[in-house]
Every structure is written in structure tokens, then in C-alpha cells.
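Here is a short briefing on a protein model with several chains. Look over the sequence and the structure first, then work through the points below.

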Amino acid sequence: MIQCAFYLTPDGELLEQLGIEQIKGFLATGEGLLWVDMEAVTDEDAESLSNVFRFHPLAVEDCISKDIHPPKIDDFDDYLFIIVHGINYHIESEVVETTELAIFLGKNYLVTSHDVPMRSVSSMLDRIRKDGRLMRRGADFLAHDLIDALVDNIMPTIEEMDEKNDQLEVEALHEPKRETLMLIMQLKRSILALTRVILPQREIVNRLSRGEYALISERAQIYYRNIYDHLVRIEMLTLGLRDMTESVLSTYLSSVSNRMNEVMKVLTLIATIFIPLTFVAGIYGMNFANMPELEWRYGYFGILIVMAVIGISLAVYFKRRRWL
Amino acid sequence: MIQCAFYLTPDGELLEQLGIEQIKGFLATGEGLLWVDMEAVTDEDAESLSNVFRFHPLAVEDCISKDIHPPKIDDFDDYLFIIVHGINYHIESEVVETTELAIFLGKNYLVTSHDVPMRSVSSMLDRIRKDGRLMRRGADFLAHDLIDALVDNIMPTIEEMDEKNDQLEVEALHEPKRETLMLIMQLKRSILALTRVILPQREIVNRLSRGEYALISERAQIYYRNIYDHLVRIEMLTLGLRDMTESVLSTYLSSVSNRMNEVMKVLTLIATIFIPLTFVAGIYGMNFANMPELEWRYGYFGILIVMAVIGISLAVYFKRRRWL
Amino acid sequence: MIQCAFYLTPDGELLEQLGIEQIKGFLATGEGLLWVDMEAVTDEDAESLSNVFRFHPLAVEDCISKDIHPPKIDDFDDYLFIIVHGINYHIESEVVETTELAIFLGKNYLVTSHDVPMRSVSSMLDRIRKDGRLMRRGADFLAHDLIDALVDNIMPTIEEMDEKNDQLEVEALHEPKRETLMLIMQLKRSILALTRVILPQREIVNRLSRGEYALISERAQIYYRNIYDHLVRIEMLTLGLRDMTESVLSTYLSSVSNRMNEVMKVLTLIATIFIPLTFVAGIYGMNFANMPELEWRYGYFGILIVMAVIGISLAVYFKRRRWL
Amino acid sequence: MIQCAFYLTPDGELLEQLGIEQIKGFLATGEGLLWVDMEAVTDEDAESLSNVFRFHPLAVEDCISKDIHPPKIDDFDDYLFIIVHGINYHIESEVVETTELAIFLGKNYLVTSHDVPMRSVSSMLDRIRKDGRLMRRGADFLAHDLIDALVDNIMPTIEEMDEKNDQLEVEALHEPKRETLMLIMQLKRSILALTRVILPQREIVNRLSRGEYALISERAQIYYRNIYDHLVRIEMLTLGLRDMTESVLSTYLSSVSNRMNEVMKVLTLIATIFIPLTFVAGIYGMNFANMPELEWRYGYFGILIVMAVIGISLAVYFKRRRWL
Amino acid sequence: MIQCAFYLTPDGELLEQLGIEQIKGFLATGEGLLWVDMEAVTDEDAESLSNVFRFHPLAVEDCISKDIHPPKIDDFDDYLFIIVHGINYHIESEVVETTELAIFLGKNYLVTSHDVPMRSVSSMLDRIRKDGRLMRRGADFLAHDLIDALVDNIMPTIEEMDEKNDQLEVEALHEPKRETLMLIMQLKRSILALTRVILPQREIVNRLSRGEYALISERAQIYYRNIYDHLVRIEMLTLGLRDMTESVLSTYLSSVSNRMNEVMKVLTLIATIFIPLTFVAGIYGMNFANMPELEWRYGYFGILIVMAVIGISLAVYFKRRRWL
């Protein structure tokens, strides 16, 4: 479904709400800049695309299919077909969900396609509606702006993960619950997934900034290089985050085992103090006919004192050896 | 054994059930497209092959031998010898079993060879029987279609593994049994095996799509590039799956140790509550002549209350410290 | 904010406290060497920069933004834009904090920019104030001196980490506390962070020393190579440090588990010695009418001796098997 | 010591038992093919070699010394000096022992040298004795045959390791003994050692098959490529084996800890059931003057029933919670 | 301090004990070969060096400073500046200590510099004193001989580590002490350090053997290649050693935990046997008025037998289940 189509005339006028025929007309002139954004492309749209832009059927198929495609650039001489991944911000899920943006970058047109609404695209559309001059710099710059917005949207996700990690660390340290482990593991997995999104993307942007493609002007390359730097920074942050999560996991495990050990130690200490005392009581519970202590006047009180002394000595001894 | 042989004449007519002599004749003309599919090649078949196609003896030997050969491309100028691996879908085993497809890709012929029946090959044969025009695009496209079908058959296996992993996670969390561990380990091993099948394959397809070989036309290269993208996606999924299995393994181990710890803790707590009580009972079981408490009217009931107080206090204390 | 601006005239005279207009003038002559150092660049400063030096807006933006940028070199033909990271020495934090130095290296000028005061820069400024001839060797050497000072400032941090590691090892061995684990983990993380600062830096300096850029004279390249060697040495030290920290962590874990085991073993031994004795006492506490031992004259003393023998034998046995 | 020397004349006649002078004569003609095999080369042999073939002293030294040399190819223009490693099959040791084969590959001669008897070499010698035509295809093919036999001899070792691994898995699962761990560790080490033998070898053979050396004819290269494929397959098998051993190790560790836990749990359960019962018995062992239950007619039997109820309830409870 | 200076005249005469002026003279002639060895270079020596050889100040500074410099080659056209690391054999420390040898390799001179006495250098000096012809082959061969001796000195260290590892394995298996763990960890660290010394060295020697530098003659390159092979072998041995140490560490940990478990199991078994017996004794220690068994004539003896039966049955049961 064609969601939106802009055309900036060579005179700087911005036209919107174009029909297929108009688009065909503008393309034929070879001047100005045309941007067509499509959402949830259907087979019908695909046919129109083929008629108007003569895109390669394989590239069109990638737009239609709901599968995830790895980030890539295919060079079809007249146009580049670029797939980049973003993290859609209004999806509040625990796992990292990637959204896919397919870009056809031609000399004087840009065709974008995505399955779900994308914040980075819609905000760009709004900004152009307000000021058509944003399209003045050409198709390569327009593609840059889109990819830049996509990459910028990754940062808040990383910050959220960072916060969650801190919160999990506190929890792991002070009240390690089974649930905490699940959350740590989930976070770890999310970070790994994020890493896998960023890494190939970096390579794509690197190639765009290297002058490998004639459609990216030298002036634009510096700007693509800037996105590349952002991705490198994001990668550094992600790696740091991964170390932190590893460390939280260790904290959790050591915290749990520590707690368990503490409990077992205290319990065993209590048993250890009372077992010898019970033995002493057992001795004077024997029924021998001739047990002189039993007849002593203060035998009972004496033995109580002896027991107290034994018990307290053991407790003090354990305390001193830092066992308690 | 020659399982099937098709010949598409330059006029678009499809011939089937060809004899060796006919094949020889068609090859000599250098026109049309010939596809010969063989299953479980014997030494005899090998001799026929040598007579007709003049393949290199080493390549023919690779077809005859039942060993597993790593995926590869050998360029013999007149033809390419390609080995790719698939996962045969009708084999329902717990371990990943790879099936091997050997392809001789010539200018106007395709010879395929496999040891066991392969779903991707047989479905292709059926489709051609119905519509001979599928062979119209040439040998390179025919080879593409076969490899594409092979790669597509990997996806269901990954999905099955994913499901099994989810099911094992639930089991690991709620009733970790020794058996569960075995299954997790098996799954982990299967995923590693799968990774090793996909990785070299990706390289093979990459080389086919790069214009390295004259026999692959430029038009076909884009289609090979498409298979390459599929393999990259499969690799991403496999890596994600590996992380998940690692996480399930951790869940299992932590689940088992947690359960054990819980049991030991409760048992030790019970002992810890009763040991001091037994000591108190031991005291009043001593036979000292002079033990005033024994003569008190409510001494017995008093001591029972004291014991109850001690027991309950300990239990409450343990409860409060979250030990119970 | 322009913090400092030096101009060394071709005659070897050093001018300071220059205004924007003067700077413009000197630049126009194309002779002598100009160094402008700026701290916490504002949008206003940025505008001046653009007017005077005609730097690329993206590079200027990198100076203004407070974000961390990965180390890099951007070649804008007329000048190089270099970002290097240092570890500011007067920050006494437990985590490694990197400070960023942005350098514009032109033919006859050097513009440096940083967000916070940097020891390496200020000491350089002081040295030039005392002896202007330090600027005689040109902009490439001046940039070298700054980067060299930056790298030299990393060494003390490594030494501090080394010391802390040794101290933690002693603590881990003799009094492993929960806190110790936290500190080890923190140190480990710091070292990983440090590694990530050094690695890309090394690549930057390597490229500067390789004759890749026309603005770095051949004479200066050898000096950049020297910084490269320092970075390689620092990397080797960091790797060694990482091994040591791993080893301290193992020591800690084994130390804690050892201690716990010792405690449990001793406690269990005590219980094991007294439980059989209590059983013996229990036997003679039974109330059977016919228990001949009870009537023996020295039965009681005999049984005390028997108990002592049993207890001592067990203790000796445990001692011999090295269990105690 | 020259163990064997063959000379195939240009007329297809096979000469054996050649003296040094004869060898010199044949070499001078530059026709036919000469193969000299030497075992346990002495300094004397070395001198002869130098006189006849004019090999580089360093290569000769590598043949004399008993040290292990990494696999390599040295190109001395007139001849290649190749070192490859095999696993000698008649050595039945638990650790992987590599045997070294040094090959001097000239235009019309092959000189091989090894310290110990090698199965692959001696079987080759036997086959040539029976049929001299095996040497017809030239020195490069002869070297290929030797290296091929060497590589083929690795397979049985891998199969043996595989079997041993399976057997260890059963043992680890059903009767994990200390010895089992030792054997698993040994196997793991052997596999690592094997990997280290195969990896550099693969590189060597790859270079021989790439047309890098003029002495290897284009026809022979395809055959070297075949060995390369074998080595890749062996590497895949070795990697799979490594995963399996890792898994057996995990099985062992989990099996041992499981067993231990089971024992401790049962023991603790027994204690937990009897400790409360002993406490009850302790209560009625107290000597209070006023304990009404003691006077009841069926007090004793009543209390026995109470105890049985408590004991059985506890056992049932534990059973239900799957603790027993 | 100039430790030694040799000059081999073109006529094959060896001069020793040369003064600075003489050295200058010989250099001027451009003939013969000069070797100057220096130990613990001071600033003064540095000045002389600058005067005579005109070395780059940075290279000279590397000789003076006591820091560790990574192995490297700097090409200053007229001469190469090489830093290689050795392991000085007469240092008997537990940690691997590297010694540094700086080599200035000119067309007709060699200047070596080291901070501490080095066995490889001094033995070379001795050999030349005895036979000056060792210098006949030129500066590149002389440098080769030195580096070769340095590398050969690494072998004994590896053998010592190997022996220590075997000894630690026995200790880990039969009497694992806390100290053993420390030693294993130390060994592991030493091996890692050794690996880091060898790896960059290999690269250096590889570059010397590749014909990258005009000062290394083609004839000498083969000899450098030989050193390279030695380093590869050493690396293989080091990797094998690392695996062995890992395995010893596992042995230690499993040995310790095994021992602990055995102790706890035996102790718990003892307790488990006596706790039910004590309960039985407790029953007959109760003071009920009506307890018929107490009145039986052989009640006491009967109950002793019952207890013995219970105790023995339990022991037999535990024995059978292999718990004891």
C-alpha cells in the first residue's frame, strides 16, 4: 500500500498525494526528487512497482515476504536495494524485536517499504511535510536521514537495558529469586540479539561510506561515515553492557550459593552445639545402680552449669573462628 | 542408476525416459537442455558417465563413494562439480542427518547424483514433468532451483528445533529430570552440527553468486545471491537458537541445584528445631536424686510449654529470616 | 570556549592570547604554526570555528556533543580530524573513565577540543609557554606530542590496577569477603573497558605512522610508530593483567568454597563422634528390669571409659585419614 | 640409511637395489623417475645426499634431527622440501603420536625420509615392486600417492576415538568412576592434538593444489585438491568428536554430582524422620513425678502408635513432594 | 657500556678491544664486518653511538630505557632496528621473565644492546673469539645466529614446564593441597606469558625470512625461515602444554571435591546408622508404668540383638548400593 508519495520539483515545490500515473510522469523527466513510502506491500503494489520502476522481481519479493532478511546492499546499477534493521521504539517487549526497512535508492527517487509502521519513517514524513527543502539535497541524503533516524532509535533501547541491568544487579545482590535469574538470562539473550542486529548493519553503512557505489555522492559519504561512527559507539556500549550482564549473572549465582551456605552453616552450628550437650544429659540418664554424682546434693545444678559452660565455650570458639 | 533424464529441445518440447545413446546424441547437438538425475550411483553407471560426459574420474568417484564430502565447487572449465548438503525432511531422527547432492553443471546439461531419495530433487522432477518450461532458463537456473529447494528444506528443521527447545525449557524449569539434560545436550549437539552444515554452504553459494564462474550467467547470479541471503538468515536463526539452548541448559542446572538445595534446607531445618528440644527432654530424663523441678506439680506441663515455645520461636525465627 | 591560542611566527617568536581576527590573519599568511586549544566547545565557538577554519559541520558537531565518540581519523584533504581517548589521571574513580580529545591537524595549525580539562594538554601548554621552540617542528609533531602524553598517562592507571589486583589476591586468599568478590568483578570490568579504549587507538596510531596521510611528514611517522609501540606494550600488560584477575577470581571462589567445606567438615566430625556415644548412653538409660551391667559395682565407670575409648578412637581415626 | 631405491627407466623398466653411483648416473640423464626412501637418516647418509642431490643443508638437517617439525613446504626452485605428518597405525598408544615424513620432490626424482617405519610408505613400496607402472605418472603423482595414503591412515584413528567416546558415555552415565574422568580427559586431549596435526596439513595440501609450485603439474593439482577435501572432512569429523567429548564430560560431572546428591538426600531423609521420633521418646523418658500419661494403661502402646503415625506421615509427605 | 667489539678484516683477521676511533675508521672503509655488543647502555654510550653510527634517536632511546618493548623491526633504510625477546636461562624464577635484545643490523656492522647479561650473546662472543671465521658470512648471518641461539634457549624452559606440569598432575590426583592450586595457576599464567612472547616474535622472523628487507640476503632468508619453523614448533608445544595444564586444573578441582564428598558421605552414613538405634534406645528409656517388654527376662538382650540387626542391615544395605 502506498502510504505516502512526495515529489520535490526542480523549482523547490513539494507535491503530495500522487497517483501512479503522476509518479510515472515525474520519473520520466529525470529531474526533481521523488519519495514513495509503502507499508505492508501487497502483490498488487508489487505489480505497480514493477510497471513504474522496473525493480528486480527478487528485490520486490523481499519487500512482500514477511520473513526477516539480513541487512544487505544489492547493486542493480540503476538503483541500490538496501535492507536495514531498526528497533521499533513503540514496541514494549522484553525481547529485542527488529523491524525491517527496505530502500530502493535511485538517482532521483527513493522508494521505501516496511511491514509495520516505523517511527523513524513517519517522523521523517512529517518533517518533510512541514519543510520540503529537506529533500533538496538528493536521494542519497534522504536515504541517509532515514538510516540515521533508524540508528538513533537504538540508543534508548540500550539505555533501558542498562537501567534494567542495574536494577537486576541490586536484586541479585539483596534478594536473589528464581525470577531474577530468568530476567538476567532474558536480558543477556536480548543483548546478544541486539549485537547481531548491529554488526552486519555496521558493515552495510561502512560500504555505503566508502565510495563503493556511484549513487552515493562524495559529499554524502562523509555523512554515512558519521552513521558508521554511531554504530561503532553503539557496539562499544553493547559490549560493555554484555560484560555487565555477565557480572550480574555471577553476582546472582554467588549470592544464591552464599545465602544457602550461610543457612546451612548456622543450622549445622546449632546442631553441633546441642549434640554434645544431649550426650552429657544422656550420661546422667543412665540407670546404673552406682553413679555417685547422682547422689550429690548439687549434682544437678553442677551439671547444668557444666553444660552451660560447654555450650557457651563452643559458641565462643565458633564465633572466634568466624564460623558464626 | 539413472533415475530420470529430461531433455528440453530448443523448440520447447520435453522428452523423458532417454537411453544412453539418445543422451549422447543430444549432447552432440550442443542445443536444448539435458537433466540427468541419478540415485545411488554404481560403478557401472560411473562407466557410462565417463563415456558420455567425460567427467573427471575423481568427481565420479565422489558420486560413487558413500562417505560424506564437504561442500565444494571444483571448476573443470567445461563443467562445474558442486557438492551441497541438505537435511532430508522425511528422516525423523533426533540427530541432524545431512544428505549430499552432487551436481555436474555444464553449458547445456545438468547431472545430479545422490545416495538416498531427496525431497527437493523429486519435487523438482515432478514440477518439470508437469511443465517443461521450467527448464527454459538454462542449466544455471536449474541448478539454482535445486539448491534453493535444498536450502528451503532446512527451515522446518530449525522451527522444529525451536519448538523442542521451548518445550525443554518448560520441562527444565518445572520438572528437571536426568532425561531432560540428555535431551538438551542432544539438541545442543544437533544445532552445532547444523551450523557446520550451513557455514561452508554459504561460502559455496557466495562464490557462485560472485561471477567467479563463467557457467553462471549474470542474470542467474542475482538469484544465487538470493539463496545466499537465505543462508545468512538461517545462520542468524541458528545462532539465536544456540543462545537459547545455552540458556535452557543453565536453567536446567540451576533448577536441579535449586531443588536439591530446597530439600536439604527443609530437612536440616527440621533437625535443627528438634535437636534442642531433645536436649531439654534429655535434661529431665537425668536421674539426679535432687532435681527440684521434677517434684513440682505442673513441672511436666510447664516443660512441655517451654518446649513448644522454643520450637515455635525457632520456626518463627527461621521463617522471618526467609530460611523456610 | 577558546582556552588558549599560541602562534609561533616564522621568526621563532611566540604570540599568545590571540583574538579571532588575529588567528584569521595568521592563517592567511600560511606560515608559522598556530595552536588553538578549546574546552567545552559551545555552539557559538562552533560558529567562529566555521568562519575561520572552514571545518566540516559534522566534525564540529562531534566537538560540541557530549557523547562518547569512538577513536577515528577523518581525512578532509586540507586537514585531518582525529579523535583519541585518554584516561584522565586526576579522576580517581573505580571505573575507567575515558576523556576525549578531538584534534584538527592542518598544514600550519592545530586545533584541539575537549570537554573537561586534560592533564596532557595543560602540561603541554605550560611547556610551550616556557619554551616556544617546542612548536618549531610543525603541526604533525605537535599532534604527536599531545597523543604521546595522552598515551603515557595510561601507564599509571595500569600500575594502580596491578597493585589493586595484588592486594585483592591476598584478600581473596586470607579473608575472602563478599565485598572482595565485588571488587574483583569491578576490576575485571575496568580492565575490559581499558582494553576497549586501547585497541581502536592502536589502529589509529598505526595508520598515522604508515604514511597514509600527506599531512604527516615522513620524519614524524617514525615518532608515531614509537607511540604505536607504547600502545602495543600497554596492550600486552593489559592482557597479562586480565589473566591475573581471572586467576584472582578463581582463587577467591576456591578460597570461599574451601573455607565453607572446612567448617562443614569439622562440624560434621563433631556430630559424628558424639552420635554413637549418645547411643551408648541411650542403651543404659533403658528401663529394662533385667540389665545386669546396671548392677555391677564399676559399671558406670566402666561405661564412661568405654565411651572415652570410642570417642578418642574415632577422633584418632579421622585424624589419621586427614579428615580433621 | 637408504631403505629402498627404485628407478623407472623411460622404457618402463623398474630397477631396484641401486647404489649411490647408479643413482648419480640416472639423475644425470634427466629422464625416467627415481624414488629413494630412507629411514632413520644418519650423518653419513646426509653426506651422500649432499653429494648426489645437492639438497640445502637446512633441509637435510631437518631429516637427521629427531625433533618434531611443523608441516611445511620450502621451495628451493629445483625441488620442493615438504614435511607432512601422519599417525602411524601400528602404534597402539592412548595419546596421538605423529610420525613425520620428509619429501624432496624434484622434477624426476622423489626422496623420502622418516625416522620410524611408516605403513603408508612401506605399502607403497610393495605396490610398486609388484607393478612399476605406478611410477609412470611422474614425481608429483608419486608424492600425491604417499600423502594420500598418510591421510587415509588418519580415519581409523578417528573411528577408534569415536567408539571410545561412545563407550565412555555409557560408563559416565551408569557407573561414573574417577578413572572414567581420566579417560575422558585423555580423549579430549588426544582430539585436540589430532586437530593440531590436521590443521596445518590442510594448509600445506591446499597450497600444493593451488598451482603455486611449478613442480606440481596441473593434472596432479586436481588430485591434491582431492586430498584437501579428505582433510576438510576429517576436520569436520574431529570437530564433531570434540563436541561429543565435551558432552560426555558434562554427562560425567552431572552424573557424579547427581549420585552424590541422591545419597545425601536419602541419608538426610532418614535422619529427619527419626529425629522427631527420638524427641517424643525423650519426652516420656523424663522423670517428672507428675506425668499422667505414664500411668495410663495403654499409654505406652498409644505413644508407639503416635510415633508410627508421625514417622509414616513424614515419609508419605516426603514421598509426595518427590523428595524420596 | 661497550662490552665487546670485534672486527673481522677483509683478510679474515679478527681484531678485538677496539676504541671508538678505531670503530669509526673501520666503518669508513665499508669493508669487513664489525660487531659491537653493549650491556646496560648509558646516556654517554648513547651519545657515542649517535656520533659513530648515526642511529635514530628513538631507536637509541629504546636501548637506554629499562621498559619492556614489544618485538619489532624498524626499517631505517641504512640499517634495521630489531627487538627480539629471549628467556634468560640462568634466571630461575617461577614466572617467565623475558630479556630483551636490541639489534642494529647494518650492511657491514651489527650493534647489539641488552640490559642484563644474556647467555645466547655471551656464548656467541666466546665462539667468535675462538674462531673469527664465524663472522665471515656477513651481518645478516651473524644476526641470524644470535636470534637462533635466543630461540633455542626457549626449549629448556618449555621442558621444565612440562615436567612441572606432570609433577603437579600427580600431586593434584593424590594429595591435592591448596598450594597445588596456587602452583597450577602460576604455571598456567607462565604459559600464557610465554605464548605472548613467542607469537609476535614469530611474525618478526617471518618478515625477516620473506625478502621484505634488502639487508637480508636471499641466502640468509632460508636460515631465518628455519628459525621461523622452530618458533612454530615451540608454539605447538606451548599450546599442547596449555591443554595439559587445563586438564591438571580440572583434575585438581574434581579431586578436591571428590575427597570432600567422600568424607561427608562417610560421616553422614555413620550418623544415619546410629540415629535409628538411638531412637530404639529412647523408646525403652521411657518411663511408662505399663511397658511389658521391660519386664521380660531377656528383653534387654533381645533389644540389643534387635539393635545389632538394624545397624548391620543398614550397613549392608548401604554397602550394596555402593554408598559406603
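Which residue stands opposite A:I2 in β3(A)? The residue is A:M38. This is a predicted model. The points below start with the sheets, then turn to the interfaces and the rotations that relate the chains.

**The sheet in chain A**

- Chain A has an open sheet of seven strands. Their order is β2-β1-β3-β7-β6-β5-β4, and the pairing is mixed.
- The edge strands of chain A are β2 (14-15) and β4, and each of them pairs on one side only.
- Strand β1 of chain A covers residues 2-8, and strand β3 of chain A covers residues 33-39. Six bridges join these two strands, which run antiparallel.
- The facing residues A:I2 and A:M38 belong to this part of the sheet, with A:M38 sitting in β3(A).

**The sheet in chain C**

- Chain C also has an open sheet of seven strands with mixed pairing. Reading across it gives β2-β1-β3-β7-β6-β5-β4.
- Why is one side of β2 (14-15) and of β4 (72-75) in chain C left without a neighbour in the sheet? Each stands at an edge and has a single partner strand, so one side stays free of a neighbour in the sheet.
- Strand β3 (residues 33-39) of chain C runs parallel to strand β7 (residues 109-114) of chain C, and six bridges join them.
- Look for C:W35, which has C:L110 of β7(C) opposite it.

**Where chain A meets chain B**

- On each side of this interface, 45 residues take part: 45 of chain A are in contact with 45 of chain B.
- Chain A and chain B bury about 4100 Å² between them. Carbon and sulfur atoms account for 68% of that area.
- There are five salt bridges between chain A and chain B. A salt bridge also joins the side chains of A:R189 and B:E169, at 3.9 Å from N to O.
- The interface of chain A and chain B also holds 14 residue pairs in polar contact, with both residues at pLDDT 80 or more.
- Which elements of chain A give two or more residues to the side that touches chain B? They are α3 (57-64), β4 (72-75), α7 (178-208), α8 (218-283), α9 (292-295) and α10 (299-320).
- Of these, α8(A) gives the most, with 12 residues.
- By class, this side of chain A has 28 nonpolar, six polar and 11 charged residues.

**Where chain C meets chain E**

- Here 45 residues of chain C are in contact with 45 residues of chain E.
- The buried area is about 4100 Å², and 68% of it comes from carbon and sulfur atoms.
- The count of salt bridges between chain C and chain E is five. The side chains of E:R196 and C:D243 meet in a salt bridge at 2.9 Å, N to O.
- Polar contacts across the interface of chain C and chain E come to 14 residue pairs, both residues at pLDDT 80 or more.
- On the side of chain C that touches chain E, two or more residues come from each of α6 (154-174), α8 (218-283) and α9 (292-295).
- The largest share of that side, 30 residues, comes from α8(C).
- Sorted by class, that side of chain C has 21 nonpolar, 16 polar and eight charged residues.

**How the copies are related**

- What rotation superposes chain A on chain B? The rotation is 72°, with 0.1 Å of shift along its axis, and the RMSD is 0.1 Å.
- That is the relation of a five-fold axis.
- In chain A, the C-alpha nearest the axis belongs to A:G285, 4.6 Å from it.
- A rotation of 72° with 0.1 Å of shift along its axis also superposes chain C on chain E, with an RMSD of 0.1 Å.
- In chain C, C:G285 comes closest to the rotation axis, with its C-alpha at 4.4 Å.

**Which surfaces meet, and which chains do not**

- Only 18% of the interface residues of chain A are also interface residues in chain B, so these copies meet through different surfaces.
- For chain C and chain E the shared part is also only 18%, so those copies meet through different surfaces.
- No contact joins chain A and chain D, and their closest C-alpha atoms lie 9 Å apart.
- Chain C and chain D have no contact either, with their closest C-alpha atoms 9 Å apart.

Definitions and conventions. Residues are numbered from 1 along each chain as its sequence is written. Chains are lettered from A and ligands numbered from 1 in the order in which they are written. This is a predicted model: local features need pLDDT of at least 70, side-chain atom pairs count only at pLDDT 80 or more; totals for chains, interfaces and linings use all residues. Side-chain values use heavy atoms; hydrogens and water are left out. Contact means heavy atoms within 4.5 Å. Buried area is the accessible area (1.4 Å probe) that two parts lose on being put together, summed over both. A salt bridge is a side-chain nitrogen of Lys or Arg within 4 Å of a carboxyl oxygen of Asp or Glu. A polar contact is a pair of N or O atoms within 3.5 Å; within protein, one must be able to donate a hydrogen and the other to accept it, and residues adjacent in sequence count only if both atoms are side-chain atoms. Helices (H or I, at least four residues) and strands (E, at least two) are DSSP runs, numbered from the N terminus. Ala, Val, Leu, Ile, Met, Phe, Trp, Tyr, Cys and Pro count as nonpolar, Asp, Glu, Lys and Arg as charged, and the others, Gly among them, as polar. Two strands pair if DSSP finds at least two bridges between them. Copies are superposed by least squares on the C-alpha atoms of residues with pLDDT of at least 70 in both.
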